[in-house]
Amino acid sequence: MLRANATYWLGRGAAAGGRRWRKSEGEGSPAWQSARVLVNRWGPIAVVLCFFTVGIQTAVNATAGVTRMPLRRYLPAVTLGSIAWATIYATVGLAAARAWLAAAARSPLAATLLAVVVVVGVTALLWSRRRQARALVAEVEGSTPDRDSTDAVRS
């Protein structure tokens, strides 16, 4: 709860500092207003759900701060998310830690091998997803007309 709220306020402070430093309101642009409305409408759901993931909690909470999500929406969402995260951590997380310690006490070699298998499996999964994302980007970029064909049409 403390980390999520600190991230929100750091994002909010960074946005305020950026506005003062630039001395121009970039928030008047339609794109900024559209993004802000989107985050304020769907952001509370994203804030709650980010606690069920690993790695995007900071980004979601900072975005909520940068876009100045109203506290009447942010605080209930971050509270629900924090409660969900604490429940998961206190039940599944601690049970997994206890099981790991018990396995390590019985057989340190087996516990180490299991850790290596898990790390290799997660790494392979992440590598595969990145490779699929790169292939998708390459496919999308390949389907757009290149400059040569566009220039030939204009001539």
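## A walk through an all-helix chain

The protein chain exposes about 11,400 Å², and carbon and sulfur atoms supply 69% of that area. Keep in mind as you look around that this is a predicted model. Of the chain's 155 residues, 21% count as buried.

Let's start with the overall layout. The protein chain has six helices and zero strands, so following the sequence from start to end gives the pattern α-α-α-α-α-α. Among the contacts with a separation of 6 or more, 72% join residues that lie 24 or more positions apart.

Now turn to the surface. Leu-38, Trp-42, Ile-45, Leu-49, Phe-52, Ile-88 and Val-92 make a nonpolar surface patch of about 710 Å². Two or more of these residues come from each of helix 2 (30-50) and helix 4 (71-106). Helix 2 gives the most, with four residues. For a single example, pick out Val-92, which sits in helix 4. Val-92 counts as exposed because its relative accessibility is 56%, and the cut-off for exposed is over 50%.

Helix 3 (residues 57-66) lets you look at burial instead. Which of its residues are buried? They are Gln-57, Val-60, Asn-61, Ala-64 and Gly-65. If you look down the axis of helix 3, these buried residues fall within an arc of 135 degrees, so they line one face of the helix. Carry on just past the end of helix 3 and you reach Arg-68, which takes a positive phi of about 55 degrees.

Notes:
Residues are numbered from 1 along each chain as its sequence is written. This is a predicted model: local features need pLDDT of at least 70, side-chain atom pairs count only at pLDDT 80 or more; totals for chains, interfaces and linings use all residues. Side-chain values use heavy atoms; hydrogens and water are left out. Patches are made of residues with over 30% relative accessible area and no salt bridge: like charges are joined within 9 Å, nonpolar side chains (Val, Leu, Ile, Met, Phe, Trp, Tyr) within 5 Å. Accessible areas come from the Shrake-Rupley method with a 1.4 Å probe; for residues, only the protein chains shown count as cover. A salt bridge is a side-chain nitrogen of Lys or Arg within 4 Å of a carboxyl oxygen of Asp or Glu. Buried means under 20% relative accessible area, exposed over 50%, partly exposed in between (1.4 Å probe, protein chains only). The arc is that of the directions from the helix axis to the C-beta atoms. Contact means heavy atoms within 4.5 Å.
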